[in-house]
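Please open the structure in your viewer and keep the sequence panel visible. Each stop of this tour names a selection and then describes what is found there.

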Amino acid sequence: MIGERIQQARKASGLSLRALAEKAGISAMAISKYENNQSIPSSGVILNIAKALGVRTEYFFRHVSVELENVNHREHEKLPQKEELKVRADVTEQLERWMMLEKFQPAPWSKPFELPADLHEQISDYDEIEDIATRVRKYWNLGLNPVPDLIDMLETKGIKVFITKYDGHKNFNGLSATVNDAPVIVVGKHWTGDRQRFTLAHELGHLVLRGRLSSLLDEENACHRFAGAFIAPKDMVKAALGERRTWLEPQELMLLKHEWGLSMQAWSYRAHNLGITSKEAHKEIWRSYLQKWKKEQREPDPQVPQEKTRLFAQLVYRALAEDMISESKAAELMGMPLFEFHACRMLKCPVETEQESKSAAAKGFNTKSAVSQHKVKRNARTGKSELTKKKRA
Ligand SMILES: [Zn+2]
């Protein structure tokens, strides 16, 4: 029903009835009636509401509807309910577009999510998690080296990954959930790359460890341990740091951070958890430099580049190329106005400004920056819009 859709989009944008009424030039009472399906808006009104909410009018008529299940937050996050609603509405909207795209795909976009069959059924010690992380890496043919693009890797393993601009005023890192039994991971857009990667791996931890932890273990701590062990496996940490250390230099951790995409703080925990540094040395390292950066929620520059989602946009263009969808359907799937999509298709995406980024994210559209980057690269190399097929140019 259109009422629920209007309400969902309004909540996703964080607008009150009154604020939407003002933006759309309609009374709050009228909007309330639309939301409760007590009256039906005319097409002109729908257009105004869509503009005010930064969504396309098709959004209100979509038939797919999805529900996030088994939601796990990173940490015991104190996310106010209003903020949580925004995150959920944004992710739900992105998921709906995924589901729509899947309907046009003749073949599945990846193999189903699978874990090794021989994982421990009951884990009663945090140290066992080291082995679990290594087994998952091995099963997924990742070897032991750094994983450069974590989102891309998770997507190829059958996990849908979404980036949301909502960070609940820096209280939201990410979450994992399932939709029709398929895994979903969400990560905040504004965090640094190493923080996003830790969140992604932590959420993977929830998917892997669920139902395996003894009651003696705290699931959040277990997932933190999994995240560190998955990003930087035990043997590689020992190779990098040595078996025993009395002190870790900040610049040493900075170099390792950039090699592995794992924060300096997480590296200090890796060293401590693996018995490389003593409790005293660990404390001293924190007291002398890490503590301060944790409080500021940011380690010194340079930062690890942020993670991007690419798969969704790539599949949209692939479906378009093979005439499985029209250009207007492709624009709808990407959550973009047609003219903007057409420009992107011609590799003339507008460069994303902060403002655009905000409005794009409000639409739940986060693939744009990946596309723009792609365009910049391609443009420099190939010149103009040579890549688009002539017949549809
Ligand atoms: Zn968690």
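The tour proceeds from the whole chain to the sheet, then to a pair of helices, and finally to some individual residues.

**Before starting**

Residues are numbered from 1 along each chain as its sequence is written. This is a predicted model, in which local features need pLDDT of at least 70, side-chain atom pairs count only at pLDDT 80 or more, and totals for chains, interfaces and linings use all residues.

**Stop 1: the whole chain**

Select the whole chain and colour by pLDDT, the predictor's confidence in each residue, from 0 to 100. The mean is 86, and 88% of the residues reach 70 or more. Then select residues 354-393, over which pLDDT stays under 50. For this stretch the model has 53 contacts beyond four places in sequence; two residues are in contact if their C-beta atoms, placed from the backbone, lie within 7 Å. Where pLDDT is low, the predicted coordinates should not be read in detail.

Next, display the chain as a cartoon: it has 18 helices and four strands. Helices (H or I, at least four residues) and strands (E, at least two) are DSSP runs, numbered from the N terminus. Of the 393 residues, 38% count as buried. A residue is buried if 20 or more other C-beta atoms lie within 10 Å of its own, exposed if 12 or fewer, and partly exposed in between, with C-beta atoms placed from the backbone. Among contacts with a separation of 6 or more, 72% come from residues 24 or more positions apart.

**Stop 2: the sheet**

In what order do the four strands of the sheet lie? The order is β1-β3-β4-β2, in an open sheet with mixed pairing. Strands of a sheet pair through backbone hydrogen bonds, either parallel or antiparallel; here, two strands count as paired if DSSP finds at least two bridges between them. Select β1 (69-73) and β2 (160-164) to see the edge strands, each of which pairs on one side only. From one strand to the next, the twist averages 20°.

Add helix α5 (residues 81-104), which packs on the sheet and touches β2, β3 and β4. The direction of α5 makes about 135° with that of β2. Axes are lines fitted to C-alpha atoms, for helices over the stretch in contact, and angles run from 0 to 180 degrees between N-to-C directions.

Now follow the pairings across the sheet:

- β1 and β3 are antiparallel and share three bridges; select His73 and its bridge partner in β3, Leu175.
- β3 (residues 174-179) and β4 (residues 182-188) are antiparallel and are joined by six bridges; Ala177 has Val184 as its partner in β4, and Val179 has Ala182.
- β2 and β4 run parallel, with five bridges between them; the partner of Lys160 in β4 is Val184.

Select β4 alone: six of its seven residues are buried, so that this strand is mostly covered.

**Stop 3: the hairpin turn**

β3 and β4 form a hairpin with two residues between them. Select Asn180, which lies in the turn and has a positive phi of about 45°. Asp181 is in the loop between β3 and β4, and its phi is near 70°, a positive value in a residue other than glycine. Asp181 is exposed because 9 other C-beta atoms lie within 10 Å.

**Stop 4: two helices in contact**

Select α11 (residues 250-260) and α12 (residues 264-273), whose axes are 9 Å apart and meet at an angle of about 100°. The two helices are therefore roughly perpendicular, a term used for angles of 65 to 115 degrees. Show the side chains of Leu253, Met254, Leu256 and Lys257 on α11, and of Met264, Trp267 and Ser268 on α12, which make the contact.

**Stop 5: loop residues**

Keep Met254 displayed and add Pro300, which is 46 residues away in sequence and 8.8 Å away in space, C-alpha to C-alpha. Pro300 is in the loop between α13 (279-296) and α14 (311-321), and counts as exposed because it has 12 C-beta neighbours inside 10 Å. Pro302 is also found in the loop between α13 and α14; the peptide bond from Asp301 to Pro302 is cis, with omega near -5°.

Finally, select Leu347, in the loop between α16 (338-345) and α17 (354-362). Is Leu347 buried or exposed? Leu347 is buried, with 21 other C-beta atoms within 10 Å. Its phi is near 60°, a positive value in a residue other than glycine.

How values were computed. Angles under 35 degrees count as roughly parallel, over 145 as roughly antiparallel, 65 to 115 as roughly perpendicular and the rest as oblique.
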